[in-house]
Amino acid sequence: MLRDFFDTLGFLTRLAPARVIPESAMNRCIRWMPPAGLVLGLLIVLPLWLGLFSGSPWVQAWLMVAASIYLTRGLHMDGLADVCDAVTTHTDPVRFWEVVKDSRTGAFGAMGLVMALAGQVVLFHAMLARGEYWAAAWAFVLGRAAAVWLAYHVRHLVRPGLGKLYIDGASLGVALAAALFTFAAGWIMAGLPATLAATVIVTLVLYGLYRLAERVGGANGDFLGCAVILGELAAGLGFALVV
C-alpha cells in the first residue's frame with residue numbers, strides 16, 4: 001500500500017521520485033489520488049500558514065497556483081486545455097479525438113487555461129483572505145476525487161492509452177472510498193456547508209463531462225485532468241457560495 005501511494009505521488013507530482021510503474025500497479029494508483037491531493041495541498045499551504053506573505057493574500061493565492069503547476073508538472077492543466085480545444089468541434093467524435101491528440105494548444109485551449117488559472121487565483125484569495133488555509137488545501141483533495149468519480153462512470157467509454165490504466169482501476173468500492181475520504185476531509189478542513197456546496201457543484205460539472213464523453217464516444221486521461229482542475233475550482237466556488 002505504501003509503495004502504491006508513492007507510485008501515485010511520483011506519477012502525479014514531483015513529491016516522490018518518478019519511477020517505472022507496472023500496469024497492474026497503475027490500476028491501483030487511482031485509489032490513492034485523494035490522499036495524494038491532501039499531501040499536495042498541505043505542503044502548498046504550509047509555508048503560507050506559517051506566515052509567508054501573510055499581509056498579501058493575492059500574492060499567496062498566486063503562489064499557490066504557481067506551486068501547484070510546478071509540483072504537478074502542469075499535468076492536469078494540459079488535459080483541461082485539450083478538452084477545451086476539442087469541444088469546440090461541436091462534439092463530432094472523429095474531429096474531437098483528432099484535436100485531443102494534437103500536441104498544439106489552440107485559442108479555446110488557451111482561453112480555458114486563462115479562465116481556470118484566473119479562477120484559481122481569485123478563489124484561493126477568497127479563502128486565504130479569511131485565513132481558511134485548510135479549506136484551500138482541501139481543494140486539491142476534491143480535484144483528485146473528481147477524477148476518481150468520473151473515471152468510475154466512464155469505464156465503459158475508456159479509450160486505449162495511459163489513462164485507461166488509471167480508469168480501469170476505478171471500481172465502485174474505490175469511488176465510494178474516495179467520496180467518503182473527501183467528504184470527511186472537507187467537513188474537517190472546510191466545514192460542512194462549504195463541503196456540501198462544493199459537492200453539488202462538482203457533481204453538476206462531472207455530469208457535463210460524462211455527457212460529453214458519451215457524445216464523443218470515449219474518455220481518456222485528458223478527461224481526468226480536466227476533472228481535477230474543475231474539481232479544484234468547485235471547491236473554491238463552494239466556499240465562496242456559503243461565506
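**Exercise 1.** Which residues in α7 meet which residues in α8? Describe the geometry and the chemical make-up of this packing.

*Solution.* The structure is a predicted model. Two packed helices are described by the angle between their axes and the distance between the axes.

Step 1. Helix α7 covers residues 107–128, and its axis comes within 7 Å of the axis of α8. The two cross at roughly 145 degrees.

Step 2. The crossing of α7 past α8 is right-handed.

Step 3. From α7 the contact takes F124, M127 and L128; from α8 it takes Y133, A135, A136, A139 and F140.

Step 4. Sorted by class, the contact of α7 with α8 has 8 nonpolar residues, no polar and no charged ones.

**Exercise 2.** Carry out the analysis for α3 and α4: at what angle do they pack, and how far apart are their axes?

*Solution.* Step 1. Helix α3 spans residues 33–49 and helix α4 spans residues 57–72. Their packing angle is about 145 degrees, and the axes are 10 Å apart.

Step 2. This crossing, too, is right-handed.

Step 3. On the α3 side the contact is made by L40, I44, V45 and L48; on the α4 side, by Q60, M64, A67, S68, L71 and T72.

Step 4. The contact residues of α3 and α4 comprise 7 nonpolar, 3 polar and no charged.

**Exercise 3.** Which residues have the most contacts inside the largest nonpolar core? Trace the surroundings of one of them, and identify the second core.

*Solution.* Step 1. The largest nonpolar core holds 77 residues, and M64, F124, W138 and F223 have the most contacts inside it.

Step 2. Helix α8, residues 133–153, supplies the largest share of this core, with 16 residues.

Step 3. Take M64. Apart from neighbours within four places in sequence, M64 is in contact with I44, V45, L48, F124, L128, A136 and F140. Among these partners, I44, V45 and L48 belong to the α3 side of its contact with α4, while F124 and L128 of α7 and A136 and F140 of α8 take part in the contact between those two helices.

Step 4. A separate second core has 5 residues, including F5, L9, W32 and A36.

**Exercise 4.** Is H125 buried or exposed? Locate H125 relative to α4.

*Solution.* Step 1. H125 lies in helix α7.

Step 2. The cut-off for a buried residue is under 20% relative accessible area. H125 has 16%, so H125 is buried.

Step 3. Beyond its neighbours within four places in sequence, H125 is in contact with P57, W58 and A61.

Step 4. H125 and M64 are 61 residues apart along the chain, yet their C-alpha atoms are separated by 9.6 Å.

**Exercise 5.** Which residues of α1 are buried, and what covers them?

*Solution.* Step 1. In α1, residues 2–12, the buried positions are D4, F5, D7, T8, L9, G10 and L12.

Step 2. The cover over these residues includes α2 (23–29), α3, α4, α5 (75–87) and α9 (162–167).

Key: Residues are numbered from 1 along each chain as its sequence is written. This is a predicted model: local features need pLDDT of at least 70, side-chain atom pairs count only at pLDDT 80 or more; totals for chains, interfaces and linings use all residues. Side-chain values use heavy atoms; hydrogens and water are left out. Axes are lines fitted to C-alpha atoms, for helices over the stretch in contact, and angles run from 0 to 180 degrees between N-to-C directions. Helices (H or I, at least four residues) and strands (E, at least two) are DSSP runs, numbered from the N terminus. A crossing is left-handed if the near helix is turned anticlockwise from the far one by less than a right angle, and right-handed if clockwise. Contact means heavy atoms within 4.5 Å. Ala, Val, Leu, Ile, Met, Phe, Trp, Tyr, Cys and Pro count as nonpolar, Asp, Glu, Lys and Arg as charged, and the others, Gly among them, as polar. A nonpolar core is a set of buried Ala, Val, Leu, Ile, Met, Phe, Trp, Tyr and Cys residues joined through side-chain atoms within 4.5 Å. Buried means under 20% relative accessible area, exposed over 50%, partly exposed in between (1.4 Å probe, protein chains only).
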